[in-house]
Amino acid sequence: MTQYVYQPDFMTGDEFSIPTFSLLTPEGELYDGATEPALERDHARRMYQAMLATRLLDERMMAAQRQGRLSFYMQCTGEEAAVVGATAALDDADMIMAQYREQGALLYRGFSIDEFMNQLFGNDLDYGKGRQMPVHYGSRKLHYMTISSPLATQIPQATGYAYGQKLAGNGHCTLTFFGEGAASEGDFHAALNMASVHKVPVIFFCRNNGYAISTPAVEQFAADGIAPRAFGYRMHVIRVDGNDILAVFEATRQARKIAVERNQPVLIEAMSYRLAAHSSSDDPSGYRSKDEEEVWRLKDPVLRMQKWLLKKQWWSEEEETSQQESLRREVLETLKRAEKRPSPTLDSLVSDVYADITPALQRQFDHLKRHIRRYPEAYPRGARSLDLDVGTETDSQGEA
């Protein structure tokens, strides 16, 4: 119903205040008035183990990158509760479209350390056949769309996929992760508008970790974070403490009910902090202080859930020590195996781009092989997958 006024009355949005939903204190205790979600012991342990595995995997692989054994890496450190808590609230057959810091979602769903390592090293067992840079995982069996480097492209793709789920009527939804920096891309707005207009079962999960690489949130947008943008699309929205896994779990569980039962999109803004660098190529000391980082270390999401589990006697100090030792050993042993495996064969570069290799692609591939045969020392991995005893060929340009 249209409401009229008879004097100009401008609004800025300051009239709306979005609270932050939280259940657990940093000491792992429930806030007064908070209601613990209905989590069974085994489910809670599975969540914590995925968080712990994420933290330890990140530590080891960042060290491997610094040793020159890996070209690139990105850590989830400080954001494990946001990623694992959201994933744990979904059905395992719901689609996840991630950005590049959501390895915890795969660990929760059962992606093995071997599968992580094969992708990171791009060896012959990598599902992506070495075509992607490290940390660009994907798993069809775990309903986790392969990550793309361009920022925010997964957000409108999630809307489109969810529209297909709505038409299929299979009772599933799509959740897409992204950072607050990605929310500055046009793809974000196009995705939310389409989702709202067509009423599709999609959850937009924004990890607001304070920085878009080196740009602080206060320099990215003038409004109160990302959550208020939902009002422009008449969309359900909730802001949650992203370091509180119980709050993230409950917020996402209820968001999924809205998405699946009503075919309506939901925006979740999880307030967290990136304790590590943006990537192995970044040095955060150039744009933030150690004092600032220390404030957030006191809110560590892994320690917060560990304290809650210990208080409930669902976890023990002995299990913690044993699990950490076992995980560190598994990661290191798997890393050594994966880095020694051969690269994908050169033929795999074009074998499944099309159902049948096109003449133009075949010509390019033949030219590549001739080039590698001429300069094998410059392309040792490619040369190893070629038969270097084959006689010299000459192309139409006269190049041997």
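How do the residues lining the second largest pocket divide by class: nonpolar, polar and charged? The answer is seven nonpolar, nine polar and three charged residues. Keep in mind that this is a predicted model. Let's start with the sheet and the helices, then come back to the pockets.

**The sheet**

Seven strands make up an open sheet, and their order is β1-β8-β9-β5-β4-β2-β3. The pairing is parallel. The edges belong to β1 (20-21) and β3, each of which has a single partner strand, so one side of each is left without a neighbour in the sheet.

Take the β1 edge to begin with. Strand β1 pairs with β8 (residues 236-241) in the parallel sense, over two bridges. Within that pair, Thr20 stands opposite Arg239 in β8. Go one strand further and β8 pairs with β9, again in the parallel sense, this time over six bridges. Arg239 turns up here as well, standing opposite Glu269 in β9. That makes Arg239 a handy landmark: Thr20 is across from Arg239 in one pairing, and Glu269 is across from Arg239 in the other.

Now for the β3 edge. Strand β2 (residues 95-97) and β3 run parallel and are joined by two bridges. If you want a residue pair to look for, Ile96 has Tyr144 of β3 as its bridge partner.

**Helices on the sheet and against each other**

Two helices are worth tracing over these strands. Helix α2 (residues 80-88) lies across β2, β4 (174-179), β5 (202-208) and β9 (266-271), and runs at about 170° to β4. Helix α5 (residues 154-168) lies across β2, β3, β4 and β5, and also runs at about 170° to β4.

Then there's a helix-helix packing to look at. The axes of α1 (residues 41-66) and α9 (residues 301-312) come within 10 Å and cross at roughly 145°, and the crossing is left-handed. On the α1 side, the contact is made by Ala44, Met47, Tyr48, Met51 and Arg55. On the α9 side, the residues are Pro301, Val302, Met305, Gln306, Trp308 and Leu309. By class, this contact has nine nonpolar residues, one polar and one charged.

**The pockets**

Here are the two pockets, with their volumes and the makeup of their linings.

| Pocket | Volume | Lining by class |
|---|---|---|
| Largest | about 450 Å³ | eight nonpolar, nine polar, four charged residues |
| Second largest | about 340 Å³ | seven nonpolar, nine polar, three charged residues |

The largest pocket is lined by 21 residues, and the closest to its centre are Tyr127, Gly138, Ser139, Arg140 and Thr146. Two elements give two or more residues to this lining: α4 (113-121) and β3 (144-145). So much for the list; which element gives the most to the lining of the largest pocket? It's α4, with three residues.

As for the second largest pocket, 19 residues line it, and Gly122, Lys129, Gly130, Ser343 and Pro344 are the closest to its centre. At least two residues of this lining come from each of α4 and α12 (380-384). The largest share is again that of α4, with three residues.

Put side by side, α4 gives the most to the lining of the largest pocket, and the largest share of the lining of the second largest pocket comes from α4 too. Strand β3 ties the two parts of this report together: it stands at an edge of the sheet, and it gives two or more residues to the lining of the largest pocket.

How values were computed: Residues are numbered from 1 along each chain as its sequence is written. This is a predicted model: local features need pLDDT of at least 70, side-chain atom pairs count only at pLDDT 80 or more; totals for chains, interfaces and linings use all residues. Side-chain values use heavy atoms; hydrogens and water are left out. On a 1 Å grid over the protein atoms alone, a cavity is a set of points where a 1.4 Å probe fits but cannot get out, and a pocket is an open set with protein on both sides within 12 Å along at least five of seven lines; lining residues have an atom within 4 Å of a point. Grid points are joined across faces, edges and corners, and a volume is the space filled by probe spheres set on the points. Helices (H or I, at least four residues) and strands (E, at least two) are DSSP runs, numbered from the N terminus. Ala, Val, Leu, Ile, Met, Phe, Trp, Tyr, Cys and Pro count as nonpolar, Asp, Glu, Lys and Arg as charged, and the others, Gly among them, as polar. Axes are lines fitted to C-alpha atoms, for helices over the stretch in contact, and angles run from 0 to 180 degrees between N-to-C directions. A crossing is left-handed if the near helix is turned anticlockwise from the far one by less than a right angle, and right-handed if clockwise. Contact means heavy atoms within 4.5 Å. Two strands pair if DSSP finds at least two bridges between them.
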